[in-house]
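Please follow this explanation with the structure open beside the text. It turns to one helix and its surroundings, and afterwards to pairs of charged side chains.

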Amino acid sequence: MPAPAPPGADPIDNLKVIGGRLKAALAEADREDAHISILAVSKTQGPERILPLLEFGHRLFGENRVQEAQGKWPALKSRFPDVELRLVGPLQTNKVGDAVALFDVIETLDREKLARALADASAKAGRAPRLFVEVNTGEEPQKAGVSPKDADAFIDKCRREFGLQVDGLMCIPPTDEAPAPHFALLAKIARCNGLSSLSMGMSGDYVIAASLGATQVRIGTGIFGAR
Ligand SMILES: *Cc1c(COP(=O)(O)O)cnc(C)c1O
């Protein structure tokens, strides 16, 4: 499978190229009927870098820090109210209220304390972001995410004990390993739990993720260039 091309200077052109490559990957994997969303990961990018994509019509964006997102997205959202904003970075419980107010989807649910805080904050706000459980497929000690062996029980607990709507799974494979086994493992855990949304694949490996069942890829440098 070809490695993704390095990004060009124009984020809109990059977005189009990535869309074409995803389509080709789906065809090759006999997934023609599937659709893969491109989450434009706009962390560290100022509004002037984000605006052209919004004006072009792109609506799906990801950030990895609550505070940074609070600084730039309320103004952008007031101009483009149909934007969907997703949190892809770790969430501390003291930021849960802010995250629930700002994000439409939180992709990094990975522990009971956070599940409880999200349930409480959503009830209080009358607004419940959709949730993805992050799985630490490589069982890396420094990385967030629930361990694969605990994933089934954790998802069940989120649903039954905390009444949370879990929509899908997310993973970030170890940087020094082939990503394919990690994507396959995430897809297997999703199947076991009746989940159809898989957030996997970044700038360096989105083509592989597309062939293994991704429904969303998260692309930062591949769209905006090096951070
Ligand atoms: C930054 C980030 C991305 C995008 O990474 P790129 O390699 O720049 O495409 C994807 N997912 C998460 C969780 C990130 O923090």
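Helices and strands are here taken as DSSP runs, of at least four residues for a helix and at least two for a strand, and they are numbered from the N terminus. The model is a predicted one, and helix 7, covering residues 180-192, is a convenient place to begin. With 13 residues at 1.5 Å a residue, helix 7 should span 18 Å, and the distance of 19 Å between its end C-alpha atoms agrees with that expectation. Just after helix 7 comes G194, whose phi is positive, near 65°.

Which residues of helix 7 are buried? They are H182, F183, L186, A187, I189 and A190. Seen down the axis of the helix, these buried residues fall within an arc of 160°, so they line one face of helix 7. The elements they pack against are helix 6 (148-160), strand 6 (166-170), strand 7 (197-199) and helix 8 (206-211). On the other side of helix 7, by contrast, P181, R191 and C192 are exposed.

The charged pairs give a second view of how parts of the chain are joined, and a search of the whole structure finds 15 salt bridges. One of them links K77 to D104, with the closest N and O atoms 3.3 Å apart. Because K77 belongs to helix 3 (residues 66-79) while D104 sits in the loop between helix 4 (96-102) and strand 4 (105-109), this pair ties together parts that are 27 residues apart in sequence. Both K77 and D104 are buried.

D104 also forms a salt bridge with R127, where the closest N and O atoms are 3.1 Å apart. R127 lies in the loop between helix 5 (112-125) and strand 5 (130-134), and D104 in the loop between helix 4 and strand 4, so the pair ties together parts that are 23 residues apart in sequence. With a relative accessible area of 28%, R127 is partly exposed, whereas D104, at 19%, is buried, the cut-off for buried being under 20%.

A further salt bridge, at 3.3 Å from N to O, brings together the side chains of K157 and E112. Since K157 lies in helix 6 and E112 in helix 5, the pair ties together parts that are 45 residues apart in sequence. K157 is partly exposed, with a relative accessible area of 30%, and E112 likewise counts as partly exposed, at 34% relative accessibility. Elsewhere, salt bridges that share partners join E84, R86, E107, R130 and D167 into one network.

Key: Residues are numbered from 1 along each chain as its sequence is written. This is a predicted model: local features need pLDDT of at least 70, side-chain atom pairs count only at pLDDT 80 or more; totals for chains, interfaces and linings use all residues. Side-chain values use heavy atoms; hydrogens and water are left out. The expected span of a helix is 1.5 Å times one less than its number of residues. Buried means under 20% relative accessible area, exposed over 50%, partly exposed in between (1.4 Å probe, protein chains only). The arc is that of the directions from the helix axis to the C-beta atoms. Contact means heavy atoms within 4.5 Å. A salt bridge is a side-chain nitrogen of Lys or Arg within 4 Å of a carboxyl oxygen of Asp or Glu.
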